[in-house]
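Welcome! Let us take a walk through this structure together, starting with the whole chain and then settling on one small part.

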Amino acid sequence: MTAPTVACPACDGTAPAGCHRCARRGLRRAQLVLTVANLDTGAVASHEVLPSNLDPRPVAAGGWAVDLTPRVRELAAEAGVAATVEPVVVPMPDAWRPDLPAAERHELAARALAGAARPVWRVWVGRSTAPPPVDPARRLGRLCALADLLLLDLVVEARRHGDALRWAVRYEVPGSPVPGLPPEPGFADLAAALAGTDVGDALTGLGERGRDAPARQLRPDPLRPLILGATVNVARVARRVRADCAGRAGGGRLPGAQAVWRDGRWWHTGLRPGGPAPDLAGQPTGPRRSRPRRTDGIPRSRTPLRRAVEPPDPPWLGEPVPSRPCPACRPAARRVGWALSCATCAGTGRVHQAALVTLTDLRGRVVHLAWRAGVPEPVSAVSVRPGGRAVVRLPDRYRLGAWATVFGVRPEDLAEADGGHALPPDVRDGYVALPWAGADPVGEQVAAVGPALPAVRPDAPPLAELLRLACGLDLALLVNVLDLRRHPAAPMRAHGVLWSVDLRAPAAPVRPDDLPDLPSLAAAVAHGLECLDVTLPETAPADPRTPVPAPRSTPCPLPPDPVPGLRRLAARHAGRPLSVRFTRAGRTVHRHDDGVRLLAEGVDLPDRRLT
């Protein structure tokens with residue numbers, strides 16, 4: 001069977017630089033497959049859209065289009081998925097009319113479908129029960145409470161975009177300047193911003209936003225109560241921010257305004273173009289406490305903004321952290337316009353002599369650590385790296401992995417709150433390579449940690465759920481694993497058990513670069529689920545003449561947990577990367593030596609070492 005195709009309108013297949021739409025094939029696939037999969041039950045429902053089954057209808061703005069949204073909703077009902085479906089519309093070419101000859105209508109429909117089929121396979125993965133709607137008042141209350149816990153500011157911001165206001169919610173380090181770029185995507189009102197902003201989103205970009213904030217010691221109040229269930233009057237906060245955007249009598253409209261939650265109260269200020277800002281008087285605003293979401297920026301306006309007034313310093317900010325000029329970069333390298341900032345100082349031009357590290361479960365428990373360069377500490381010698389650099393290990397309080405037991409999690413589950421990146425093994429376990437004999441071990445650790453704000457990684461679903469999903473979609477689940485627990489001689493390098501998880505086309509081979517790189521299986525599964533919107537379309541056949549499958553599957557129980565077998569197999573091949581490929585037909589085990597070698601294939605994982 002051959003999929004319908006049309007000639008690529010951008011090239012004839014001979015473009016010397018290639019064509020990103022047809023990959024120099026000169027053809028584009030006139031097929032679209034819609035799929036909905038249930039992560040809870042394994043049920044999968046699909047619909048193949050072809051030029052012959054398009055049913056264009058007139059649209060209000062003129063012309064004709066095919067609205068596939070009702071079909072996607074039907075697929076969601078068939079798979080038992082509770083999902084909110086965004087509109088899926090295929091616009092027809094201007095020349096299409098229902099009274100054209102059948103062959104001409106078909107040709108125009110094929111062109112429309114080829115243009116809309118990007119990606120050619122659209123997959124919605126959901127669960128049987130929709131998550132409860134977000135209560136903006138409770139979310140804002142949680143965000144405020146966590147700001148108090150983490151000793152951060154919570155900023156509610158509105159900026160003008162034409163005649164409208166766009167809203168954002170984020171965490172900032174006290175003293176951070178107003179970001180130069182407006183929020184993206186930006187929300188139409190504060191309630192929508194809170195609904196679309198969870199704690200991880202609000203923390204995203206914290207390191208970059210806090211780069212120019214004054215570095216200060218922390219003096220947390222251990223007796224201060226934390227109330228995570230409180231609510232905040234969202235309408236009152238929004239009204240005040242809108243009023244500040246409007247400006248004062250005779251002053252004209254301002255480009256934006258902020259409400260800053262700091263030290264248990266709201267502080268309100270407008271945003272003005274340019275220059276430094278004076279000090280401010282606070283205005284408590286009733287009950288408070290909260291929780292937020294991600295902010296990225298796009299350049300809508302290049303005008304720098306400042307707060308009209310600044311909140312007073314919170315009582316938990318201490319004396320400035322000592323610093324020295326960065327020895328690794330020149331002043332010219334810190335000018336605006338350089339694409340890459342200095343790896344030593346992150347472009348600030350200063351190297352601080354202390355690191356302030358916060359570990360939290362984002363549920364009410366927190367530990368604030370202060371590491372100061374120059375403090376003598378007993379260290380244990382571990383090894384000598386090539387080149388003669390001695391590797392030492394600092395005491396437990398400098399090992400972030402040791403603090404993981406405070407929260408009842410494994411050391412490998414610690415991750416940076418800003419972005420969720422895994423911690424380097426040397427930082428996690430307190431290993432330091434001394435650049436010269438007599439160097440300060442704590443100072444080297446302070447430099448390695450930099451501005452990171454570690455946090456406990458959230459739970460991920462079991463690997464068996466992802467395996468059932470792969471089988472329902474008729475794909476291969478590729479699990480890469482490497483057991484390095486028997487290699488303590490290289491403490492500065494990755495150790496423990498490394499993982500990665502990926503979905504592939506069922507016939508796709510295992511590649512030499514299929515290697516694990518994440519320190520825990522939970523992190524690998526979470527990353528695999530986050531990337532489904534990218535990885536699933538990539539499993540479609542590259543040749544546009546080959547049809548895209550339309551998988552279907554009925555609900556089925558979870559398969560047996562493959563993790564114990566994977567761990568045993570990796571331990572028996574310690575130090576050698578393994579790739580285990582699961583499909584409906586069975587499993588294959590591959591080992592990475594000089595290349596990729598097939599070790600075994602069958603229905604079950606082998607329970608012995610394979611040579």
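What follows is a short tour from the overall picture to a single sheet and its helix.

Please keep in mind that this is a predicted model. The chain holds 611 residues, and 46% of them are buried. Along the chain there are 14 helices and 31 strands. Its accessible surface comes to about 29,500 Å², with carbon and sulfur atoms accounting for 54% of that area.

How do contacts relate to distance along the sequence? If you take the contacts between residues at least 6 apart in sequence, 68% of them join residues that are at least 24 apart.

Now let us turn to one sheet. Three strands make up this open sheet, in the order β4-β3-β8, and their pairing is mixed. Why do β4 and β8 each have one side without a neighbour in the sheet? Both β4 (44-49) and β8 (121-126) stand at the edges and have a single partner strand each, so one side of each stays without a neighbour there. Going from one strand to the next, the twist averages 10°.

You can look at one of these pairings in detail. Strand β3 covers residues 32-38 and pairs with β4 in the antiparallel sense, over 6 bridges. To find a particular spot in this pairing, look for Val36, whose bridge partner in β4 is Ala45.

Finally, which helix lies across these strands? Helix α1, made of residues 69-79, lies across β3, β4 and β8. Relative to β3, helix α1 runs at about 30°.

Definitions and conventions. Residues are numbered from 1 along each chain as its sequence is written. This is a predicted model: local features need pLDDT of at least 70, side-chain atom pairs count only at pLDDT 80 or more; totals for chains, interfaces and linings use all residues. Side-chain values use heavy atoms; hydrogens and water are left out. Two strands pair if DSSP finds at least two bridges between them. Helices (H or I, at least four residues) and strands (E, at least two) are DSSP runs, numbered from the N terminus. Axes are lines fitted to C-alpha atoms, for helices over the stretch in contact, and angles run from 0 to 180 degrees between N-to-C directions. Contact means heavy atoms within 4.5 Å. Buried means under 20% relative accessible area, exposed over 50%, partly exposed in between (1.4 Å probe, protein chains only). Accessible areas come from the Shrake-Rupley method with a 1.4 Å probe; for residues, only the protein chains shown count as cover.
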